[in-house]
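This note is addressed to a colleague beginning the study of protein structure. Please read the points below with the structure open alongside them.

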Amino acid sequence: HIRNNNIRTLPETMDNLHKMQVFDAKNNPIHFPPREVWERGLPAIKAYFEEIRRSGSSRSSRLKITVLGAQGSGKTSFIHCLTQSCVPGRVEATAGIEVTRWIPVEDPDMAFILWDHSGNALYDATHQFFFSPGSLVFLVVNLAEYVHQD
């Protein structure tokens, strides 16, 4: 049992622990493998790591996030709230793309690369060139200005 420790990552060599029958890691801030995997126990953990090795995938501690939305929707304000502080008021509009690197205090082993795209319609056709496998896309919408269209 490894309950109540400060374990964040499980080693990929866990499938070498042939005699281990019970795995109990409650109350640990484990972020790798994902909670959905390690909560299901040893067979799921071993299968997860085996699949990573089989597929040739690798784990990265960096995540690219592309932030899209209409002009004035709050994309830059959203990024400021994540990376600095939430200060009410308008921020200067993004011209083109602004890239920000953010390392959260809660997990200094993780880095987010935030791509803040201009909301100017002239740039809409270029968005597709910035999508990449394994990245996230956030769509920011100003609900005060949102109008549903059929």
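In what order do the four strands of the open sheet lie? The points below begin with that question and concern a predicted model.

1. **The sheet.** The four strands are arranged in the order β2-β3-β1-β4, and they form an open sheet with mixed pairing. Its edge strands are β2 and β4, the latter covering residues 136–140, and each of these pairs on one side only. From one strand to the next, the twist averages 20°.

2. **The pairing of β3.** The mixed character of the sheet can be followed at strand β3. With strand β1 (residues 62–69), β3 pairs in the parallel sense, and six bridges are found between them. Within this pairing, L63 is placed opposite F112 of β3. With strand β2 (residues 97–102), β3 runs antiparallel, and six bridges join these two strands. Here I97 has H117 in β3 as its bridge partner.

3. **The burial of β3.** Is strand β3 largely enclosed or largely open, and why? The strand spans residues 111–117, and six of its seven residues are buried; it is therefore largely enclosed by the rest of the structure.

4. **The helix across the sheet.** Helix α3, formed by residues 75–83, lies across β1, β2, β3 and β4. Relative to β3, the helix runs at about 160°.

5. **The largest nonpolar core.** In soluble globular proteins, nonpolar side chains tend to be buried together. In this model, the largest nonpolar core has 13 residues, of which L10, M14, F23, W38, I45 and F49 touch the most other members. Two elements, α1 (35–38) and α2 (42–55), give two or more residues to this core. The greatest contribution is that of α2, with five residues.

6. **The surroundings of W38.** Which residues are in contact with W38, once its neighbours within four places in sequence are left aside? They are L10, F23, A25, N28, I30, P33 and I45. Apart from the core described above lies another, of nine residues, which includes L63, I79, L114 and V140.

7. **Aromatic pairs.** A pair of aromatic rings is described by the distance of the centres and the angle of the planes. The structure contains six aromatic pairs. One of them is formed by F32 and Y48, whose ring centres are 6.0 Å apart and whose planes meet at 70°, an edge-to-face arrangement. This pair links distant parts of the chain, since F32 belongs to the segment before α1 and Y48 to helix α2, 16 residues apart. Together with F49, the residues F32 and Y48 form one aromatic cluster.

8. **Accessibility within the pair.** The two partners fall into separate classes of accessibility. F32 counts as buried because its relative accessibility is 7%, under the 20% limit for that class. Y48 has a relative accessibility of 24% and so counts as partly exposed.

9. **The disulfide.** How many disulfides does the structure hold? There is one, and it joins C81 to C86 with an S to S distance of 2.1 Å. C81, at 33% relative accessibility, counts as partly exposed. C86 has a relative accessibility of 56% and therefore counts as exposed, the limit for that class being over 50%.

Technical notes:
Residues are numbered from 1 along each chain as its sequence is written. This is a predicted model: local features need pLDDT of at least 70, side-chain atom pairs count only at pLDDT 80 or more; totals for chains, interfaces and linings use all residues. Side-chain values use heavy atoms; hydrogens and water are left out. A disulfide is a pair of cysteine sulfur atoms within 2.5 Å. Buried means under 20% relative accessible area, exposed over 50%, partly exposed in between (1.4 Å probe, protein chains only). Two strands pair if DSSP finds at least two bridges between them. A nonpolar core is a set of buried Ala, Val, Leu, Ile, Met, Phe, Trp, Tyr and Cys residues joined through side-chain atoms within 4.5 Å. Contact means heavy atoms within 4.5 Å. Axes are lines fitted to C-alpha atoms, for helices over the stretch in contact, and angles run from 0 to 180 degrees between N-to-C directions. Rings of Phe, Tyr and Trp (its six-membered ring) pair if their centres lie within 6.5 Å; planes under 30 degrees apart count as stacked, over 60 as edge-to-face and the rest as tilted.
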